[in-house]
Amino acid sequence: KIENDSTSLAFFYAKLSNQKKNHNKKISIVHIGDSHLQADFFSGEVRKLLQGEFGNAGRGLMFPFRLANTSGANNFRSSTNVKWDSNRNVMVNNPMPIGVCGITIRTKDPKAAINLNIYDSDSMCYAFNKLTLFHDQSAFEYDYFVCDSSGFVVGYINSCMKKGPAFVSEVQLDTMLHSCTINAYRRDSSQNKAEIYGILLENGDGGILYNTIGVNGAQFSDYNASVYFQDQLVALQPDLIIISLGTNDSYNAP
């Protein structure tokens, strides 16, 4: 039985109605789950349908899954020039901290680069002009240059400059991109690592920003134990949070 709590959702429905009329507001949805969201199969279809009805504000929260030797959405590709260590929230004995995506990558190579390519989906254009990087912001974290596909520098991230919610740096671009490279930069000798928790891509338009967070095999307890998860979730400014967990919990129940 599916019940619709109209009182709790009234604010969200009002924002949808206003967006349908005025087309000028961003509506952020966060969908948290396990393997069905990591692959982004049905959630990708929901994103496309909602954005077709209420506007497309961008591709939303992403993670370079290939760098962590696991799979992700088929309309997003990542590659690198170095080896990265990784941790998922289901790996309870790994001390590497976990952030908003439920997965973390880390390298000590100061020449590290992450190449990102985003592909359009049917009628949806997912080019972006704003990139938000979720990353460590201690004195040990490398800085980053963001470059376009031609190698031209379009943004710089100083990891010690804390702004807004925890562990978030924003780069506003002058042009729309489908691809970019995030290059580590060792500004001083104290910096010795790059530690990435997620990447948010937006286009500056009003509409739906449908952010999916999924980890293969994840349970409620795995997200609860993720040290930075709740603080970084705030940076997504969600108007609606959908939780699709429980399958793995029931499977592993005594």
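This report walks through the fold, the two open sheets, the aromatic contacts and a few unusual backbone angles.

The model is a predicted one, in which local features need pLDDT of at least 70 and side-chain atom pairs count only at pLDDT 80 or more, while totals for chains, interfaces and linings use all residues. Residues are numbered from 1 along each chain as its sequence is written, and side-chain values use heavy atoms, with hydrogens and water left out.

**The chain as a whole**

Let's start with the overall build. The secondary structure comes to six helices and 14 strands; these are DSSP runs numbered from the N terminus, helices being H or I with at least four residues and strands being E with at least two. A compact globule of 254 residues would have a radius of gyration near 18 Å, and the chain agrees with its 18 Å. That radius is taken over C-alpha atoms, and the globule rule is 2.2 Å times the number of residues to the power 0.38. Along the principal axes, the C-alpha atoms fill a box of roughly 55 × 50 × 30 Å.

Of the 254 residues, 51% are buried (under 20% relative accessible area, with exposed meaning over 50% and partly exposed in between, using a 1.4 Å probe and protein chains only). Among contacts with a separation of 6 or more, 78% come from residues 24 or more positions apart; contact here means heavy atoms within 4.5 Å.

**The parallel sheet**

Strands of a sheet pair through backbone hydrogen bonds, either parallel or antiparallel. Two strands count as paired if DSSP finds at least two bridges between them. One open sheet has three strands in the order 13-1-14, with parallel pairing. Strand 13 and strand 14 (240-244) are at the edges with a single partner strand each, so one side of each is left without a neighbour in the sheet. Neighbouring strands in this sheet are turned by 15° against each other on average, direction ignored.

Strand 13 (residues 207-214) has eight of its eight residues buried, so it is largely enclosed by the rest of the structure. Two helices come into play here. Helix 1 lies across strand 1, strand 13 and strand 14, and runs at about 130° to strand 1. Helix 3 packs on the sheet too, touching strand 1 and strand 13, with its direction at about 170° to that of strand 13. For these angles, axes are lines fitted to C-alpha atoms, for helices over the stretch in contact, and values run from 0 to 180 degrees between N-to-C directions.

**The antiparallel sheet**

The other open sheet described here has five strands in the order 3-6-11-8-9, paired antiparallel. Strand 3 (76-80) and strand 9 (153-157) stand at its edges, each with a single partner strand, so one side of each has no neighbour in the sheet. From one strand to the next, the twist averages 20°.

Here are the strand pairs, with bridge counts and one facing pair of residues for each.

| Strand pair | Sense and bridges | Facing residues |
|---|---|---|
| strand 1 (residues 26-33) and strand 13 | parallel, eight bridges | Val30 and Asn211 |
| strand 1 and strand 14 | parallel, five bridges | His31 and Ile242 |
| strand 3 and strand 6 (residues 113-118) | antiparallel, five bridges | Phe76 and Ile118 |
| strand 8 (residues 143-147) and strand 9 | antiparallel, four bridges | Tyr144 and Ile157 |

**Rings**

A search of the whole structure turns up nine aromatic pairs. One of them is Phe12 with Tyr13, a tilted pair at 6.1 Å centre to centre and 50° between the planes. Rings of Phe, Tyr and Trp (its six-membered ring) pair if their centres lie within 6.5 Å, and planes under 30 degrees apart count as stacked, over 60 as edge-to-face and the rest as tilted. Phe12 is buried at 9% relative accessible area, whereas Tyr13 is partly exposed at 38%. Elsewhere, ring pairs link Phe145, Tyr156 and Tyr185 into a cluster.

There's also a charge over a ring: the charged end of Lys20 sits 5.8 Å from the centre of the Phe54 ring. This label needs NZ of Lys or CZ of Arg within 6 Å of the ring centre and within 35 degrees of the ring normal.

**Backbone oddities**

Most residues other than glycine have a negative phi. His23, in the loop between helix 1 (6-22) and strand 1, has a positive phi of about 55°. Asp40 also has a positive phi, near 60°; Asp40 is found in the loop between helix 2 (35-38) and helix 3 (41-54) and is buried, with a relative accessible area of 9%. As for glycine, Gly151 takes a positive phi near 90° in the hairpin of strand 8 and strand 9, which has five residues between the strands.
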